[in-house]
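Thanks, everyone; I would like to take a few minutes for one structure and go through some of its residues with you. Please have a look at the sequence and the model first, and then I will start.

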Amino acid sequence: MAHVLLLHSALGLRPGVHAFADRLRERDHEVVVPDYYEGHVFGEEAPGIAHRDAHPEYFEAVREFAATLPPETVLAGFSLGAWFAQRLAARRPRARAAILLHSVAAPRYEWSGVPVQVHRHEDDPWISPADVPRLGAAVEASGAPFEDHVTPGRGHLFTDPELPGYDEAITSATIERIDAFLR
């Protein structure tokens, strides 16, 4: 069992995030899902991103919340939440893992030694293809494992059942892989 901080995307804390957390809980993981958007939820990317851009303090709020959790907490997130999780993991060497769903960024600093698992589409408009091998090289150079699970095709947020790109089979495989990685 792992303690997991699961961070939502720029669309806010949607029911799909809770559903994903519940599926991890069914595997005996303790999952915390904060609402750093303070109740704001969006059905489309543009207004969600505009909301994010209007609130640069959100990352600081997430960082402060994460500081209250055990140091070995798994840092996980969807899209924007994955970007937050990756930033936290870069400076939190005792984190058990970073689980990045639908987002990867090139590392800004020397990697902290935290294992990383990525889940993404082969062609995701929010991921620069060069960033994945850069992060993988940095993670592996730190001595930590790096897994990159790529779903064929183009899309984003395939784990949210309320969005058009949802794929149950891939979401189930993602849950299986996360559970195996954390055990």
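The side chains of His3 and Glu30 are joined by a polar contact of 3.0 Å, and I should say at once that this is a predicted model, with that distance computed from its atoms. His3 itself is found in strand E1, which covers residues 3-7. Is His3 buried or exposed? Its relative accessibility is 18%, and because buried means under 20%, His3 counts as buried. If we leave aside the neighbours within four places in sequence, His3 is in contact with Glu30, the polar partner already mentioned, and also with Val32, Leu69, Pro70, Thr73 and Val74.

Moving on along the chain, Ser9 lies in the loop between E1 and helix H1, the latter being residues 15-25. Ser9 counts as buried because its relative accessibility is 5%. Not counting residues up to four places away in sequence, Ser9 touches Tyr36, Tyr37, Phe78, Ser79, Leu80, Gly81 and Leu157.

Let me turn to the nonpolar core. The largest one has 58 residues, and those with the most contacts inside it are Leu6, Trp111 and Val116. Which helix gives the most to this core? That is helix H4, residues 80-90, with seven residues. As for Trp111, and again leaving aside neighbours within four places in sequence, its contacts include Gln86, Ala89 and Ala90, then Val116, and further along Leu135, Ala138, Val139 and Ser142.

Definitions and conventions. Residues are numbered from 1 along each chain as its sequence is written. This is a predicted model: local features need pLDDT of at least 70, side-chain atom pairs count only at pLDDT 80 or more; totals for chains, interfaces and linings use all residues. Side-chain values use heavy atoms; hydrogens and water are left out. Helices (H or I, at least four residues) and strands (E, at least two) are DSSP runs, numbered from the N terminus. Buried means under 20% relative accessible area, exposed over 50%, partly exposed in between (1.4 Å probe, protein chains only). A polar contact is a pair of N or O atoms within 3.5 Å; within protein, one must be able to donate a hydrogen and the other to accept it, and residues adjacent in sequence count only if both atoms are side-chain atoms. Contact means heavy atoms within 4.5 Å. A nonpolar core is a set of buried Ala, Val, Leu, Ile, Met, Phe, Trp, Tyr and Cys residues joined through side-chain atoms within 4.5 Å.
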